[in-house]
Amino acid sequence: MSTRIDSHADIATGLAWLISREPVFAEMSALAGPLPLRRSPGGFAGLAGIVIAQQLSVKAANAIEARVEALVPDLDPKRFVLKRDATLRAAGLSAAKVKTLKAAAKAVVRGELDHEELLALDSEGVRAKLTALPGIGPWTADIYCLFCLGHGDAFAAGDLALQEAVRIAYALDSRPKEKALLAMADGWRPWRGVAARLLWAYYRVVKMREGVTG
């Protein structure tokens, strides 16, 4: 069964389904509170936002994205391609991210990467399409499926915060690696996208509490 996350009602449906199967989801939900929808625009702008945010704090990523958008209004791919690499690096992008985003922008301009086409694909199809681009890995593709396409069952098992949240919630001795987490999350289908949102929210609350008590 194919699921989508386009509204808070979809999140509520998925969360109720998860809680009915594993009590730990009820415990996490009580601590995390309401879950954010976190939908983002698709296309180059959405992909760029994900790439920019890689390995950065939310505050740092937002600041860099604002500077890049000041240079390239609406993150238009045609304009982005024309910007000098040095100018983009001065805005805070690493050389690797400039290279990745230039390749993605060129693919969009050439018609090789189209958001409408991605909308018609399942998560595996989107993964294959995006990871064919230089510098785009599985994590970026999974996040795009989650937040730009609204796939209800997308799950970024390579995300360290998700792995750590699972370790804490399930009282595991160590953080599960990607393969182990994928196997564990198989029981959360077809609402792994809601499970991911809950785990991220739970992780943020736990870390905030650790900061207060530490």
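**Exercise 1. Find which residues F155 touches, leaving aside those up to four places away in sequence.**

*Solution.* Start at F155 in this predicted model.
- Step 1: Set aside residues up to four places away in sequence, then list what F155 touches: D142, L162, L181, A185, W188, R192, A196 and L199.
- Step 2: Place F155 in a wider setting. The largest nonpolar core holds 65 residues, and F155 is among those with the most contacts inside it, along with F80, L93, L130, Y144 and W188.
- Step 3: Ask which helix gives this core its largest share. That is α13, with 9 residues.

**Exercise 2. Work out whether α11 is mostly covered or mostly open, and describe what lies at its ends.**

*Solution.* Let's take the helix as a whole, then its ends.
- Step 1: Count the buried residues, using under 20% relative accessible area as the cut-off. In α11, 7 of the 10 residues pass, so by this definition the helix is mostly covered.
- Step 2: Name them. The buried residues of α11 are A161, L162, Q163, E164, A165, V166 and A169. One of these, L162, is also touched by F155.
- Step 3: Look at the N-terminal end. D159 caps α11 there, with a side-chain oxygen 3.1 Å from the backbone nitrogen of A161.
- Step 4: Look past the helix. A171 follows α11 and has a positive phi, near 55°.

**Exercise 3. Describe the largest pocket: its space, its lining and the elements that build it.**

*Solution.* Work from the space outwards.
- Step 1: The largest pocket contains about 1,100 Å³ of space.
- Step 2: Its lining is made of 29 residues, and R38, A53, L56, V58 and W139 are the closest to its centre.
- Step 3: The elements giving two or more residues to this lining are α3 (43–53), α4 (58–71), α10 (138–147), α11 (160–169) and α13 (192–213). The largest share comes from α3, with 5 residues.
- Step 4: Sort the lining by type: 15 residues are nonpolar, 8 polar and 6 charged.

**Exercise 4. Do the same for the second largest pocket.**

*Solution.* The steps should feel familiar by now.
- Step 1: About 340 Å³ of space lies here.
- Step 2: There are 18 lining residues, with S123, E124, D153, A154 and R192 nearest the centre of the second largest pocket. R192 is also one of the residues that F155 touches.
- Step 3: At least two lining residues come from each of α9 (123–131) and α10. With 3 residues, α9 gives the most.
- Step 4: By type, the lining of the second largest pocket has 5 nonpolar, 5 polar and 8 charged residues.

Terms used: Residues numbered from 1 in each chain as written. Predicted model: local features only at pLDDT ≥ 70, side-chain atom pairs only at ≥ 80, totals over all residues. Heavy atoms only, no water. 1 Å grid on protein atoms, 1.4 Å probe; cavity = no way out; pocket = protein on both sides within 12 Å on 5 of 7 lines; lining within 4 Å. Points joined across faces, edges and corners; volume = space filled by probe spheres on them. Helix = DSSP H or I, 4+ residues; strand = E, 2+ residues; numbered from the N terminus. Nonpolar A, V, L, I, M, F, W, Y, C, P; charged D, E, K, R; others polar. Buried < 20%, exposed > 50% of the residue type's maximum accessible area, 1.4 Å probe, protein only. Polar contact = N/O pair within 3.5 Å; in protein donor to acceptor, adjacent residues only side chain to side chain. Core = buried A, V, L, I, M, F, W, Y, C linked by side-chain atoms within 4.5 Å. Contact = heavy atoms within 4.5 Å.
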